[in-house]
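Work through the exercises below with the coordinates open beside you, and try each task before reading its solution.

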Amino acid sequence: MLNLYILIPSLTLLISIPIIFLLAPTILPPHQLPISPSDELDDLSLFHKAIAADSTFLKKPSHKRPSNKFRLGSASIRRPKIAFMFLTNSDLHFESLWHKFFNASDPHLYNIYIHADPTVKITPPTGVFTDRFIHSKRTQRSSPTLISATRRLLAHALLDDPDNAYFALISQHCIPLHSFNYFYNFLLDTQKLSQKMEYPSYIEILNESTSLLDRYNARGENVMEPEVSFDEFRVGSQFFVITRKHSLMVIKDVKFWRKFKKTCVKIESCYPEEHYFPTLLSMEDPNGCTKYTLTRVNWTDSVDGHPHTYHPVEVSPELIYKLRESNSTYSYMFARKFSSDCLKPLMEMADSVIFKD
């Protein structure tokens with residue numbers, strides 16, 4: 001009988017251990033990847049180089065940053081470029097589609113930069129994506145590492161080419177909805193330039209959401225104050241197209257980053273990359289942003305904070321036309337989120353639908 005009393009607790013313990021390991025991820029809050037002091041210093045060094053280089057570029061007549069006085073076709077000032085910045089933690093599934101997007105355009109009108117999580121094995125890209133990786137660091141959802149990765153991309157793009165005028169952040173799950181030339185002409189419209197209008201940034205900035213207060217208090221109640229009050233807190237899409245002026249504003253920032261890099265205590269409400277950029281630009285230059293994104297996302301049946309994922313059976317010309325439609329005066333230029341096996345049907349209609357504007 002004594003052996004039985006000893007045996008039952010022992011068996012219970014043996015059975016419980018694997019169950020605990022199995023259920024732990026759902027019971028315990030996920031660990032938030034911290035940003036180490038060495039990574040922080042490394043990034044600051046990069047940002048300072050980019051800021052200093054931009055000041056140097058402005059002093060050289062041959063490297064004038066595109067401005068409101070710029071004229072398309074001018075012989076004295078080179079045409080501005082668009083920096084495409086891919087933020088990924090997996091293979092670039094739609095590499096072939098993006099090749100078509102870029103190959104139909106002038107290679108002197110764009111640059112490509114890729115931030116790939118170094119802890120993930122990624123198939124080396126080819127063509128225009130070859131050797132376009134920047135020095136990258138680990139990223140994690142619901143952590144400020146995604147903000148750091150984006151700031152890193154911006155700094156590299158600013159430092160690399162003074163002619164980069166617009167900076168488009170792209171996901172590996174994004175696809176283009178128009179041709180490159182259509183997108184380029186939309187951003188750098190000659191009428192806009194001739195009227196001396198400021199280049200706007202296209203970033204979603206929202207001040208209404210059922211989860212706004214929870215998101216604001218994700219790091220604890222009143223932690224964001226005094227730098228960011230609840231009335232000034234904004235949310236929006238992680239992916240954007242912003243100007244050089246605003247890109248510099250982002251990498252120069254210290255005040256807001258100090259708050260947004262804090263560890264969240266409510267992981268389920270923590271989406272720093274969707275909060276930091278809209279809040280910063282809304283507070284620093286609200287009139288310089290359209291407050292709309294150029295990337296279409298379907299949130300009608302989101303799962304665990306992820307938007308609807310399109311699968312091959314849904315891919316059709318009608319879907320592309322529908323995804324282009326927006327409530328603004330301009331159409332969407334990109335869309336997410338697509339499963340990797342959508343590549344084949346997308347390629348089949350690339351020339352006849354997607355890039356036929």
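## Exercise 1: helix H8 against H10

In this predicted model, H8 and H10 are roughly perpendicular to each other. Determine which residues make the contact between H8 and H10, and classify them by polarity.

Solution. Begin with the axes: those of H8 and helix H10 (residues 272-284) come within 11 Å and cross at roughly 110°. Because angles of 65 to 115 degrees count as roughly perpendicular, that is the description which applies to H8 and H10. Next, list the residues on each side: H8 contributes His246, Met249 and Val250, while H10 contributes Tyr276, Phe277, Leu280, Leu281 and Glu284. Finally, sorting the residues of the contact of H8 with H10 gives six nonpolar, one polar and one charged.

## Exercise 2: helix H4 and its two partners

Describe how H4 packs with H8 and how H4 packs with H10, giving in each case the angle, the distance between the axes and the residues involved.

Solution. Take H8 as the first partner: helix H4 (residues 145-160) and helix H8 (residues 244-252) have axes 9 Å apart and pack at an angle of about 125°. The two helices, H4 and H8, are therefore oblique to each other, and their crossing is left-handed. On the side of H4 the contact is made by Arg151, Leu154, Ala155 and Leu158, and on the side of H8 by Arg244, Ser247, Leu248, Val250 and Ile251. Divided by class, the residues of the contact of H4 with H8 comprise six nonpolar, one polar and two charged.

Turn now to the second partner. The axes of H4 and H10 are 8 Å apart, and the helices pack at an angle of about 50°, which makes H4 oblique to H10. Here H4 passes H10 in a right-handed crossing. The residues that meet are Leu146, Ile147, Thr150 and Arg151 in H4 and Pro272, Glu273, Tyr276 and Phe277 in H10; the residues of the contact of H4 with H10 divide into five nonpolar, one polar and two charged.

As a last step, compare the lists residue by residue. Arg151 of H4 belongs to the contact with H8, and Arg151 also appears in the meeting of H4 with H10. Val250 of H8 takes part in the contact with H4 and likewise in the contact with H10.

## Exercise 3: the sheets

Establish the strand order and the edge strands of the sheet of four strands, and then do the corresponding work for the sheet of three strands.

Solution. The sheet of four strands is open, with the order E2-E1-E3-E5 and mixed pairing. Its edges are strand E2 (110-116) and strand E5 (241-243), each of which pairs on one side only. Ignoring direction, neighbouring strands of this sheet are turned by 20° against each other on average. At the E5 edge, strand E3 (residues 164-171) and E5 run antiparallel and are joined by three bridges; Phe167 has Ile242 as its bridge partner in E5.

Two helices can then be placed on this sheet. Helix H3 (residues 95-103) lies across strand E1 (81-88), E2 and E3, and runs at about 175° to E1, whereas helix H5 (residues 180-187) lies across E1, E2, E3 and E5, running at about 115° to E1.

The sheet of three strands is also open, and has mixed pairing and the order E4-E7-E6. Strand E4 (175-176) and strand E6 (295-297) are its edge strands, each pairing on one side only. E4 pairs with E7 in the antiparallel sense over two bridges, and Ile175 finds its bridge partner in E7 at Ala335.

## Exercise 4: backbone details and the disulfide

Where is the disulfide, and which peptide bonds are cis?

Solution. The structure holds one disulfide, joining Cys264 to Cys270 with an S to S distance of 2.0 Å. The link of Cys264 and Cys270 is right-handed, with 60° about the S-S bond.

For the backbone, inspect omega. The peptide bond from Glu225 to Pro226 is cis, with omega near 5°, and Pro226 has its place in the loop between helix H7 (212-216) and E5. The peptide bond from Arg336 to Lys337 is cis as well, with omega near 25°; Lys337 lies in the loop between strand E7 (334-336) and helix H12 (343-348). A check of phi adds Asp131, a residue other than glycine with a positive value near 60°, which sits in the loop between E2 and H4.

Key:
Residues are numbered from 1 along each chain as its sequence is written. This is a predicted model: local features need pLDDT of at least 70, side-chain atom pairs count only at pLDDT 80 or more; totals for chains, interfaces and linings use all residues. Side-chain values use heavy atoms; hydrogens and water are left out. Axes are lines fitted to C-alpha atoms, for helices over the stretch in contact, and angles run from 0 to 180 degrees between N-to-C directions. Angles under 35 degrees count as roughly parallel, over 145 as roughly antiparallel, 65 to 115 as roughly perpendicular and the rest as oblique. A crossing is left-handed if the near helix is turned anticlockwise from the far one by less than a right angle, and right-handed if clockwise. Contact means heavy atoms within 4.5 Å. Ala, Val, Leu, Ile, Met, Phe, Trp, Tyr, Cys and Pro count as nonpolar, Asp, Glu, Lys and Arg as charged, and the others, Gly among them, as polar. Two strands pair if DSSP finds at least two bridges between them. A disulfide is a pair of cysteine sulfur atoms within 2.5 Å.
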